[in-house]
Each structure stands twice: as C-alpha cells, then as structure tokens.
Amino acid sequence: MGHTRRNDKEAEVIDENLRRVYQDMLDEKVPDRFLDLIAQLKSQDDDGSATGGDAK
Amino acid sequence: MSDDPRDELVEHLPALRAFALSLTRNGAVADDMVQDTLVKAWSKISSFEPGTNMRAWLFTILRNTYYSNRRKAGREVSDAEGVFTESLSEKPAHDGRLQMADFRRAFVQLTDEQREALILVGAQGFSYEDAAETCGVAVGTIKSRVNRARARLGELLKLDDDDNLEMTDQATMAVVTGARPAAR
C-alpha cells in the first residue's frame with residue numbers, strides 16, 4: 001500500500017483533535033440575536049404576504 | 001403553508017456558527033457572517049431544493065460571502081489568529097494529549113481553503129462530494145486540500161517526531177476507550 005501506517009495514525013490524531021475543537025464550537029450557546037432575527041424575518045413575511053389574501 | 005424549509009434553519013445555527021468561526025477565526029466577524037447568511041437564505045429559499053442537504057446549502061452561502069468579502073478587502077484579517085485561539089475556553093490537557101491551544105495555533109496557520117476542506121470532511125463529516133459541491137470545486141481538489149492540510153498540521157505539531165506521535169496516540173486511545181489517565 002502507498003499509505004503507511006504512520007500516516008494513518010497521524011491523520012487519526014489530527015482528526016481527533018479537529019473534532020474536539022469543532023465540538024467545542026458546536027457546544028457554544030447560540031446567541032439570541034439569531035433567534036430574534038429569524039422571528040423578525042418571519043413576521044416581515046407574514047405582513048408582506050397578507051396582501052395575497054390568505055389568512056395567516 | 002406547513003412545510004416551509006426555513007423552519008429548519010434554527011437546527012443548523014450551531015453548525016453554521018462553528019463553520020463561520022473556523023473560516024474567519026474571529027468571533028465577531030463569524031457572527032456577522034452568520035447573520036448575513038440567514039438573511040440571504042431567507043430571501044433565496046426558493047433556490048433551495050427540498051430534500052437536499054440544507055446544511056451544505058447554508059455553508060455555501062456563508063463561504064461565498066466570506067470569499068467575496070476577502071476579495072474586496074484584498075487581504076486576510078491579520079489579527080484573526082489571536083482572537084480565535086483565545087476566544088475558546090481551554091480544557092486541561094491529559095498527559096501526552098496534544099494541547100488544544102497548540103492545535104488551534106497550528107490550525108489557524110492553514111490557508112482558508114485548507115481549513116475549510118478539513119473542517120467539512122474531517123469534523124463536519126461531509127462526504128468529499130458534498131464538500132466539493134459546497135466549495136464549488138472538483139472532488140480531487142478537496143481531497144488534495146484535506147491531505148495538504150493534514151500534512152501541514154503534522155509538520156506544525158511535529159507529529160513526525162516518533163515520541164510525540166506515540167504519546168498522543170496512547171492518549172487518544174485512552175479517550176476512545178473511555179479510560180482516564182491516572183494522574184492529572
């Protein structure tokens with residue numbers, strides 16, 4: 001095989017650390033500003049589509 | 001209107017922020033980009049094909065915003081490295097395990113394209129095909145970026161030193177099997 005065992009091992013060590021760093025970021029609490037933004041976008045849509053006549 | 005795919009957006013927020021932070025290495029810039037992405041995704045939702053990978057679609061919007069800003073700026077933000085490495089809490093290292101700070105310092109030295117490819121494939125678990133589509137490049141390009149990113153990290157972390165690799169490997173195995181090193 002062209003792949004050596006040590007390369008596999010190296011990739012394993014790197015990916016393990018990578019996943020830990022990434023998991024730390026995923027675990028961060030999502031700031032309220034994003035949930036507020038989504039709520040705001042939603043309410044804008046509801047206002048705008050009211051002209052179409054379909055009841056919300 | 002019951003099946004609005006936009007209801008799904010909230011679920012992707014943590015991943016979107018993590019991806020933005022990996023790319024920008026700066027918390028404030030990352031959050032501005034997430035905000036931008038949400039607004040764009042909201043208005044362009046008709047271009048999303050239901051049933052396909054929404055996360056990949058959102059990542060595509062975010063990275064396109066990032067690279068287009070970078071082109072306009074003409075250079076990368078220079079102080080990003082410090083912000084990224086200091087903004088996250090430090091966990092205690094066990095024995096020979098790589099220090100997270102060391103890993104982060106090495107990680108931010110990769111090129112944007114390498115970091116992006118490595119995060120998508122190595123951490124987010126995208127297939128090479130999904131990563132290639134997200135980045136708008138060929139599958140082979142993603143593969144070579146991932147390989148180069150790993151090789152570069154190996155160099156920076158001196159994993160070519162047999163002792164270093166041996167130690168981190170043992171510690172990694174301990175983590176995988178759930179065993180805890182006796183001493184802290």
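UniProt, in an unreviewed entry, lists residues 13–45 of chain A as "domain: Anti-sigma factor NepR". In the structure shown here, which is a predicted model, that stretch of chain A is 88% helix and 0% strand. The C-alpha atoms at the two ends of residues 13–45 of chain A lie 47 Å apart.

Chain B may be considered next. Its secondary structure consists of nine helices and zero strands, and reading along the sequence gives the pattern α-α-α-α-α-α-α-α-α. Chain B has 184 residues, of which 34% count as buried. Contacts in chain B may also be sorted by how far apart the partners stand in the sequence. Among those with a separation of 6 or more, 65% join residues that are 24 or more positions apart.

The packing of helices deserves a closer look. Two packed helices are described by the angle between their axes and by the distance between those axes. In chain B, helix α1 covers residues 9–24 and helix α2 covers residues 27–43. The axes of these two helices come within 9 Å and cross at roughly 135°. Because of that angle, α1(B) is oblique to α2(B), and the crossing is right-handed. On the side of α1(B), the contact is made by Leu9(B), Leu16(B), Arg17(B), Ala20(B), Leu21(B) and Thr24(B). The residues that α2(B) contributes include Gly27(B), Val29(B), Ala30(B), Met33(B) and Val34(B). By class, this contact of α1(B) with α2(B) comprises ten nonpolar, three polar and one charged residues.

Two loops of chain B hold residues with a notable backbone angle. Most residues other than glycine have a negative phi. Arg25(B) is not a glycine, yet it has a positive phi of about 60°. This residue lies in the loop between α1 and α2 of chain B. A residue is buried if 20 or more other C-beta atoms lie within 10 Å of its own, and exposed if 12 or fewer do. Arg25(B) has 24 other C-beta atoms within 10 Å and is therefore buried. Lys158(B), also a residue other than glycine, has a positive phi near 55°. Its place is in the loop between α8 (139–156) and α9 (162–177) of chain B. With 12 other C-beta atoms within 10 Å, Lys158(B) is exposed.

The account now turns to the contact of chain A with chain B. Chain A supplies 24 residues to this contact and chain B supplies 31. On the side of chain A that touches chain B, the elements giving two or more residues are α1 (5–27) and α2 (32–48) of chain A. The largest share of that side, 17 residues, comes from α1(A). By class, the side of chain A that touches chain B has 14 nonpolar, one polar and nine charged residues.

One pair of helices shows how the two chains pack. The axes of α1(A) and α1(B) are 8 Å apart, and the helices pack at an angle of about 130°. These two helices are therefore oblique to each other, and their crossing is right-handed. Tyr22(A), Met25(A) and Leu26(A) of α1(A) make the contact with Pro14(B), Ala15(B), Arg17(B), Ala18(B) and Leu21(B) of α1(B). By class, seven residues in the contact of α1(A) with α1(B) are nonpolar, none is polar and one is charged. Arg17(B) and Leu21(B) thus appear in the contact with α1(A) and also in the contact of α1(B) with α2(B).

Conventions:
Residues numbered from 1 in each chain as written. Chains lettered and ligands numbered in written order. Predicted model: local features only at pLDDT ≥ 70, side-chain atom pairs only at ≥ 80, totals over all residues. Helix = DSSP H or I, 4+ residues; strand = E, 2+ residues; numbered from the N terminus. Contact = placed C-beta atoms within 7 Å. Axes fitted to C-alpha atoms, helices over the stretch in contact; angles between N-to-C directions. Parallel < 35°, antiparallel > 145°, perpendicular 65-115°, else oblique. Left-handed = near helix turned anticlockwise from the far one by under 90°. Nonpolar A, V, L, I, M, F, W, Y, C, P; charged D, E, K, R; others polar. UniProt positions renumbered as here; feature names shortened; annotations may be inferred.
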